[in-house]
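I'm opening a fresh page for a structure I haven't looked at before. I'll jot down what I look up as I go.

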Amino acid sequence: MNLPRLLRAMPKAELHIHIEGSLEPELIFRLAQRNGVALPYASVDALRAAYAFQDLQSFLDIYYAGASVLLKEADFFDMAWAYFERAAADNVVHAELFFDPQTHTARGVPMQTVIVGLHHACQRAHVEFGLSAKLILCFLRHLSEDEAFATLEAALPYRHHFIGVGLDSSERGHPPEKFARVFAKCRELGLHVVAHAGEEGPPAYIESALDVLKVERIDHGVRCVESPALVQRLAALRMPLTVCPLSNVKLRVFDTLAQHNLKALLDAGLVATVNSDDPAYFGGYLNENFVQTFAALPALTRADAYTLAKNSFDASFAAPEQKAAWTKQLDEVFAT
Ligand code: ADE
Ligand code: ZN
């Protein structure tokens, strides 16, 4: 099998996908009409034309505007279901979905509407596609820690519907230590903990995500290479990095995909994975991330493809027997 076909065919897990970032312009317009929400864009094409970003913040402004059409449980279900259809087609067998409840509760949408709508889509993905899907609640780091505590409290009646918490939104000026107490509480509750760090922020943010938040994965983390000591530490810990190549180019973390450091991360012994981040905004779902990145970085090999898929299972929060079963499926695809 040639490499692009193998990349598409191999079973894989997606560990860094903001479900609100999977809202395609067509669905945004359909939901706006269904809910009577006015959009500041005349058409699908006008909205898509606005997807030219200078940095993380310029993206987030449009991303939060897009999410304004989500009001009812069915809207959250439809959004997640559209993602699962695409993920299943990409041979994603397991997905851990980020969601941003504060984006919705701030508009008066009840926490229950958000979580139950997403949860029903996760259940159906398992029934229809055999795709195991879990939810990770993200705190918005541009808001206060008190607001994060209030969000956690509102979500606790639905504790059984999410496996962990994360930290996203504007990174610069909002270091992980701002959320030290709420993450400590989440760890006490037995929730998994992850955080975005080292996307636009400096290596020091990755260090404080490890030292203060005690995260189990770093989301992005690509700026770790600026500190050789940190790279060594991450490798020794086998700390997973959920890398998002197309996102990094769209948000100008790297000028081009050919300049991306994915190969360097793997060669440094880091547990890197490939993910789509906000696929509706960044030009591709998971297989597009794999195929375009391998095309742009010819140094990436078939062995790297295997490692990236295997890392995605190992870095997931699934049970060991489940990871072993997916690895067996992976071995079968590589044997053909
Ligand atoms: N929210 C959605 N996508 C994000 C990203 N790439 N970084 C930080 N917050 C986000
Ligand atoms: Zn992200």
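Below are my notes on the sheet, a helix beside it and the cavities.

**Sheet.** Before anything else, I note that this is a predicted model. I looked up the strand order and found an open sheet of 8 strands, running β1-β2-β3-β4-β5-β6-β7-β8 with parallel pairing. Which strands stand at the edges? They are β1 (12-18) and β8 (271-274); each has a single partner strand, so one side of each is left without a neighbour in the sheet. I also checked the twist, and it averages 25° from one strand to the next.

**Helix on the sheet.** I then turned to helix α15 (residues 286-296), which packs on the sheet and touches β1, β2 (92-99) and β8. Its direction makes about 105° with that of β1.

**One strand pair.** I picked out β4 (residues 164-168) and β5 (residues 192-197), which run parallel and are joined by 2 bridges. In β5, H192 is the bridge partner of G164.

**Cavities.** How many cavities of 30 Å³ or more turn up in the whole structure? My search gave 2.

The largest holds about 110 Å³ of space. It is lined by 16 residues, and H18, L56, L60, S169 and H196 are the closest to its centre. Helix α4 (residues 56-66) gives the most to this lining, with 5 residues. By class, I get 7 nonpolar, 4 polar and 5 charged residues there.

The second largest cavity holds about 30 Å³. I listed its lining as I28, L39, P40, Y41, L47, A65 and G66. That comes to 6 nonpolar, 1 polar and no charged residues.

Definitions and conventions
Residues numbered from 1 in each chain as written. Chains lettered and ligands numbered in written order. Predicted model: local features only at pLDDT ≥ 70, side-chain atom pairs only at ≥ 80, totals over all residues. Heavy atoms only, no water. Pairing = 2+ DSSP bridges. Helix = DSSP H or I, 4+ residues; strand = E, 2+ residues; numbered from the N terminus. Axes fitted to C-alpha atoms, helices over the stretch in contact; angles between N-to-C directions. Contact = heavy atoms within 4.5 Å. 1 Å grid on protein atoms, 1.4 Å probe; cavity = no way out; pocket = protein on both sides within 12 Å on 5 of 7 lines; lining within 4 Å. Points joined across faces, edges and corners; volume = space filled by probe spheres on them. Nonpolar A, V, L, I, M, F, W, Y, C, P; charged D, E, K, R; others polar.
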